[in-house]
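Q: Could you take me through the largest pocket in close detail? I would like to know which residues line it and what kinds of residues they are.

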Amino acid sequence: MSGAAILLWELLGTAVMVVLGSGVVANVVLGRTYGDGSGWVTITLGWGFGVFAGASIADPSGGHVNPAVTLGLAIRGLTPWPDVPWYVVGQLLGAVLGAVVAWATYKLQFDHNEDNSGTRGIFCTTPLVRSPGWNLLTEAVATFVLVLYVLAGPTDTALGYAAVAFVVIGIGCSLGGPTGYAINPARDLGPRIAYALLPIPGKAGADWSYALVPVVGPVVGAVAAGWTVGGMSLLG
């Protein structure tokens, strides 16, 4: 597959994932929605189903929709390194596009919301207890679990991408509390950029001082997972 085709499939799949992921958070957080206040479980389910839909749509390119997954696969020799930039650029652009579409879908709710200062979490993650080192560790551990499953989980299961979605839901329920579980550099950075640019009345800043944590943490987790699976394979 050409690099341009990889970029476009990953863009489309990642955009759909973020539309559903940011959309479910908007549905829970904003007023004047039918999901107002429905809680964390709704958010984890929405993001899990978003991963399923996005990865399934991006199946022609392998359904990565996550630079951490792409990196883990490249470390294991399952994705050619020259293709990695095409994947990452497509994923980042798709995440920006998906965030913009999610905002447009809920524009009336944003416009009529009494206080949009707390709406950044619709687009990107923020730790409830800020400590960059520990926050990075949390993201690394959560991403390690995801990429470890992608690399070492069963490949012949009929569940396919649904199985990965179940893992994402499990991560959200179990490990998502401290930081909001980005576990995907594009999913956090792309919507953060969109949030900084979108005309949301009364919004807060994009919190650029934290932005590297949900990028570096998943990269660390992906590298650790790739090395772990590689080491296990040497043991036979």
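A: Here is a walk around the largest pocket, starting with how to read the model. This is a predicted model, in which local features need pLDDT of at least 70 and side-chain atom pairs count only at pLDDT 80 or more, while totals for chains, interfaces and linings use all residues. Residues are numbered from 1 along each chain as its sequence is written, and side-chain values use heavy atoms, with hydrogens and water left out.

The largest pocket holds about 600 Å³ of space. A pocket here is an open set of points on a 1 Å grid over the protein atoms alone, where a 1.4 Å probe fits, with protein on both sides within 12 Å along at least five of seven lines; lining residues have an atom within 4 Å of a point. The volume is the space filled by probe spheres set on the points, which are joined across faces, edges and corners.

There are 31 lining residues, and G63, V69, V150, Y161 and V164 are the closest to the pocket centre. Two or more lining residues come from each of α2 (40-57), α3, α6 (132-152) and α7 (161-175); these helices are DSSP runs (H or I, at least four residues), numbered from the N terminus. Sorted by class, the lining has 20 nonpolar, 9 polar and 2 charged residues. In that count, Ala, Val, Leu, Ile, Met, Phe, Trp, Tyr, Cys and Pro are nonpolar, Asp, Glu, Lys and Arg are charged, and the others, Gly among them, are polar.
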